[in-house]
Amino acid sequence: MPRRNPRAQEEGILFPAMGRYLDRILPPRDAVLAEMEALARRDHIPIIGPACGRLLALSAQLIRARRIFEMGSAIGYSTTWLARAAGPSAKVYYTDADPQRLAQARIFLRRAGVLKRVELLLGDAIESFRRTPGKFDIIFMDIDKEQYPEALRLALPRLRRGGLLIADNVLWSGHVVRRAQAGDRTLRAVQEFNRAIYASKQLFPVIVPLRDGVAICRKG
Ligand code: DHB
Ligand code: MG
């Protein structure tokens, strides 16, 4: 599988000065989010960043989301944006297969004041999703991109009407414009996912070309 251009991965699909501008005009984050951003920069952890964090928060507020499932949560950065936006009566399911990441996330989420509204699930995100019954107001996907098509099939029946399926990295550093080679399974999966959301009669998707591309799909 061809590796992504690491620069593009850092800077997303916008031209670099635009990406920096969109971050620079944002208000500063509180100490906990700022620390998570610094840790992500240092350890190359692919968090969604503050501009997309705000998009998640806005989405949760617009539909008054209460029950949120996150596939692929790492240090809990997007979890924090979602949990804060959804408020104290919300329940956000965090998933990650790495116990060290989960331990880091637990500390951050406690300090962010949202740990009580988060359930931390250790293990494969798709497996955790299968084991968690019920419907969700938001399902946010940020797992291995090869799993996106399968995750979409599983997520769709588990979204309430009017709920949102949100997926990160759907423009994959701009590589989506290329014809995928046979062995390029990640790119193929992202392209298949993007075709599938627009082909779905149940979804009304918009791909927002922010950072690495975020798909927001309303289930009708
Ligand atoms: C990668 C994964 C992500 O979820 C992301 O936001 C950026 C990069 C990656 O696997 O390269
Ligand atoms: Mg991502």
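Visitor: What makes α8 largely enclosed by the rest of the structure?

Guide: Keep in mind that this is a predicted model. Six of the eight residues of α8 are buried, so the helix is largely enclosed by its surroundings. The buried ones are Tyr148, Pro149, Ala151, Leu152, Leu154 and Ala155.

Visitor: And what covers those buried residues of α8?

Guide: The cover includes β1 (67–71), α7 (125–131), β4, β5, α9 and β6 (203–208). As for direction, α8 lies across β1, β4, β5 and β6, and runs at about 170° to β5. Helix α9 packs on the sheet too: α9 touches β4, β5, β6 and β7 (214–219), and its direction makes about 135° with that of β6.

Visitor: Let's turn to the metal. Which protein atoms are called donors of the magnesium ion (ligand 2), and how do you know?

Guide: Asp142 (OD), Asp168 (OD) and Asn169 (OD1) lie 2.0 to 2.1 Å from the magnesium ion. The cut-off for a donor to this metal is 2.8 Å, so those oxygens count as donors. Water is not among the atoms, so the site may look incomplete. Along the chain, the donors follow the spacing D-x25-D-N.

Visitor: Why can you say that Asp142 and Asn169 tie together parts that are apart in sequence?

Guide: Asp142 lies in the loop between β4 (136–141) and α8 (148–155), and Asn169 in the loop between β5 (159–168) and α9 (185–199), so the pair ties together parts that are 27 residues apart in sequence.

Visitor: Is Asp142 called buried or exposed, and on what value?

Guide: The relative accessible area of Asp142 is 15%. Buried means under 20%, so Asp142 is buried. Asn169 is buried as well.

Visitor: What does Asp142 touch, leaving out residues up to four places away in sequence?

Guide: Asp142 touches Pro46, Ile48, Met71, Gly72, Tyr148, Asp168 and Asn169.

Visitor: Why is the pair of side chains of Asp142 and Lys145 called a polar contact?

Guide: Their separation is 3.1 Å. A polar contact needs a pair of N or O atoms within 3.5 Å, with one able to donate a hydrogen and the other to accept it, so this pair makes the cut.

Visitor: Now for a contrast. How do you know whether Lys201 is buried or exposed?

Guide: Lys201 has a relative accessible area of 85%. Exposed means over 50%, so Lys201 is exposed. Lys201 is found in the loop between α9 and β6. The C-alpha atoms of Lys201 and Lys219 are separated by 9.0 Å, with their positions 18 residues apart along the chain.

Visitor: On to the sheet. What makes β2 and β3 a pair of strands?

Guide: Strand β2 (residues 91–96) and strand β3 (residues 118–122) share five bridges in the parallel sense. Two strands pair if there are at least two bridges between them, so β2 and β3 qualify. One of the bridges links Asp96 with Leu122 in β3. With helix α6 (residues 99–111), these strands make a right-handed β-α-β unit.

Visitor: How many bridges pair β1 with β4?

Guide: Four, again in the parallel sense. In β4, Phe140 is the bridge partner of Glu70.

Visitor: And why are β3 and β6 said to stand at the edges?

Guide: The open sheet has seven strands in the order β3-β2-β1-β4-β5-β7-β6, with mixed pairing. β3 and β6 each have a single partner strand, so one side of each is left without a neighbour in the sheet. From one strand to the next, the twist averages 15°.

Definitions and conventions
Residues are numbered from 1 along each chain as its sequence is written. Chains are lettered from A and ligands numbered from 1 in the order in which they are written. This is a predicted model: local features need pLDDT of at least 70, side-chain atom pairs count only at pLDDT 80 or more; totals for chains, interfaces and linings use all residues. Side-chain values use heavy atoms; hydrogens and water are left out. Donors are N, O and S atoms within 2.8 Å of the metal (3.2 Å for Na, K and Ca); water is not among the atoms, so sites may look incomplete. Helices (H or I, at least four residues) and strands (E, at least two) are DSSP runs, numbered from the N terminus. Buried means under 20% relative accessible area, exposed over 50%, partly exposed in between (1.4 Å probe, protein chains only). Contact means heavy atoms within 4.5 Å. A crossover is right-handed if, with the strands pointing away from the viewer, the path from the first strand over the helix to the second runs clockwise. Axes are lines fitted to C-alpha atoms, for helices over the stretch in contact, and angles run from 0 to 180 degrees between N-to-C directions.
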